[in-house]
Structures are given as C-alpha cells and as structure tokens.
Amino acid sequence: MSTPHNSGEKGEIAKKVLMPGDPLRAKFIAETYLEDVREFNTVRNMLGYTGTYKGREVSVMGSGMGIPSIGIYSYELFHFYDVEEIIRVGSAGGLAMDLNLKDVVIGMGACTDSSYQRQFNLPGTFAPIADYDLLERAVKKAKDMKVSVKVGNLVSSDVFYNADETVNKRWQKMGVLAVEMEAAALYMNAAWAKKKALCIASISDHLFKEDALTSQERETGFTQMMEIALDI
Ligand SMILES: O=P(O)(O)O[C@H]1O[C@H](CO)[C@@H](O)[C@H]1O
Ligand SMILES: O=c1cc[nH]c(=O)[nH]1
C-alpha cells in the first residue's frame, strides 16, 4: 500500500527510520552506512532507502523542511507502515553561546511557535518530548564515542527568516539550545501514535555568531550524529 507521498509498500520500510530534513542527506546516509540498500521512495524526490546496518534493518528517508512536511511523512510512517521509531538527524542553528559548528545537540524537548498541536484540542499546552529510552541510549552512545553532546530543549520554528529579530534572543534566555523546524511535530506525532521519536541535530550555524557551514557540509558533514542514530 502506497500513499500520495510515499510509493513504498508496507514491509519495504524498517521499524526504525532515520529522518533528515534533506533528502540528499538521506541518500548520503544510505550510500555511506547501509548494506543491501533498496530505494523505496522517489515521490517528490523525498528519497527513502532501506538497508542493513551492522546486520539490523534500518530505513532512512527525508522529511522535507518544516512541521507540515515532517507531519505528513512521520504520520504515514507511524500509521501506515508500522514504523516504531523515528530518529530525526537534522541541522540546527545554535542559540546557546557555548555551542559551535558541528556540535551535536539532542532534543529532550521541543518548544514550538507552530499551531500544529491545535489539532489535539487540549485544554492547555502540550510539551513535546523525546522518547526517554532513545534519549538515554543516544547519550550513552555519544559518551562511548567520546562525542560531547548537549541535551536539552530545542525550538521547532515555522519561520526561518523571522521579521521579529528579537525572537531568538528570547528563546535563548529560556535556555533553549538550538533552533530547527521539525522536532516538535515529530514528537507530537509519536505521542499520538504511541511510538518513539528522538531528534539529534548538528549545529550548522549560530544565531549569535558569524560562522556557518555550506550546503554541501550540511548534506554530508554530520557523521557523528548519523553514527549515534544508527547505533542506538
Ligand atoms: O537540515 P535539516 O534536517 O533540513 O534541518 C534544518 O534545516 C532546514 C532549514 O535550513 C530545516 O529543515 C531545519 O530544521
Ligand atoms: O532551522 C534552522 C536550521 C539551521 N539553522 C537555523 O538558523 N535554523
């Protein structure tokens, strides 16, 4: 059974899926780390692959940019393909001043300015959080690899070029580590589906420093985060 956005058949996608925003990062992960790779999706160029990593079946598929896009793809993976866990392997802009390019952050929680949670019609504010088991295993794996990671809050924003130039300072004041655009929806979809999700992100630029990586480096440069995600 395919969907309007995914031509994969049920059974072609593993229970564990890595999900970068960039479909070419998905291709890079498949080509670099997976064996016996089969491509299951090219619809809209949102490339998806299944293969094995250290003998275990795993899939990797792009999510596209932003909450509506990952909202669709992760919903379909959880509900129509029986996927059990999705690990976003994203890029993020640093907010915390002690973060530098290529540092790895793990989203224990994900704040958002999106209205995505309105669909659940809750009488308050839902706090999107990572699956604790995945989080704990990712932190342990990073320690084993001697990769220093920061664990804390992310903010998943609907807006990349924000007219309000003060907004990132205010998230920073609340201790939010980094800004990206998908984790909160992924965590909400996982909660709704009673599945597991985690967002690991690598710092591609800093909102309060000059440095930034190139698009090529964002596609292929974040191997520590990829290896943590693959190994847990
Ligand atoms: O590099 P990815 O995983 O796409 O993540 C970040 O990069 C995009 C913005 O440039 C957004 O999708 C944001 O979340
Ligand atoms: O969403 C994102 C991702 C990387 N860098 C940013 O500033 N924002």
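This passage describes the fold, the nonpolar core, one helix, one ligand shell and one loop residue of a predicted model. Local features were taken at pLDDT of at least 70 and side-chain atom pairs at pLDDT 80 or more, whereas totals for chains, interfaces and linings use all residues. Residues are numbered from 1 along each chain as its sequence is written, and chains are lettered from A and ligands numbered from 1 in the order in which they are written.

The protein contains 7 helices and 9 strands, assigned as DSSP runs (helices, H or I, at least four residues; strands, E, at least two) and numbered from the N terminus. Its radius of gyration is 16 Å, close to the 17 Å given by the globule rule for 232 residues, so the protein is as compact as a globular protein of that length; the radius is taken over C-alpha atoms, and the rule is 2.2 Å times the number of residues to the power 0.38. Along the principal axes, the C-alpha atoms fill a box of roughly 45 × 40 × 30 Å. Of the 232 residues, 47% count as buried (20 or more other C-beta atoms within 10 Å of the residue's own; exposed, 12 or fewer; partly exposed, in between; C-beta atoms placed from the backbone).

The largest nonpolar core, a set of buried Ala, Val, Leu, Ile, Met, Phe, Trp, Tyr and Cys residues joined through C-beta atoms within 7 Å, has 68 residues, of which Val 17, Leu 18, Leu 154, Ala 178, Ile 200 and Ala 229 touch the most other members. Helix H5 (residues 183-193) gives the most to this core, with 7 residues. Beyond neighbours within four places in sequence, Ile 200 is in contact (C-beta atoms, placed from the backbone, within 7 Å) with residues including Ile 87, Val 104, Ala 138 and Ala 229. In H5, 8 of the 11 residues are buried, and these pack against helix H2 (67-80), E5, E6, strand E7 (149-156), E8 and E9. Lys 194, with a positive phi near 60°, follows H5.

Ligand 2 is surrounded by Ser 91, Ala 92, Gly 93, Phe 160, Val 179, Glu 180, Met 181, Ser 204, Asp 205 and Leu 207, where near denotes a C-beta atom, placed from the backbone, within 6 Å of the molecule. Strands E5 (85-94), E8 (178-180) and E9 (196-206) each give two or more residues to this shell, and E5 gives the most, with 3 residues.

Arg 118 lies in the loop between strand E6 (104-112) and helix H3 (132-144). Arg 118 counts as exposed because 9 C-beta neighbours lie inside 10 Å.

Definitions and conventions. Two residues are in contact if their C-beta atoms, placed from the backbone, lie within 7 Å.
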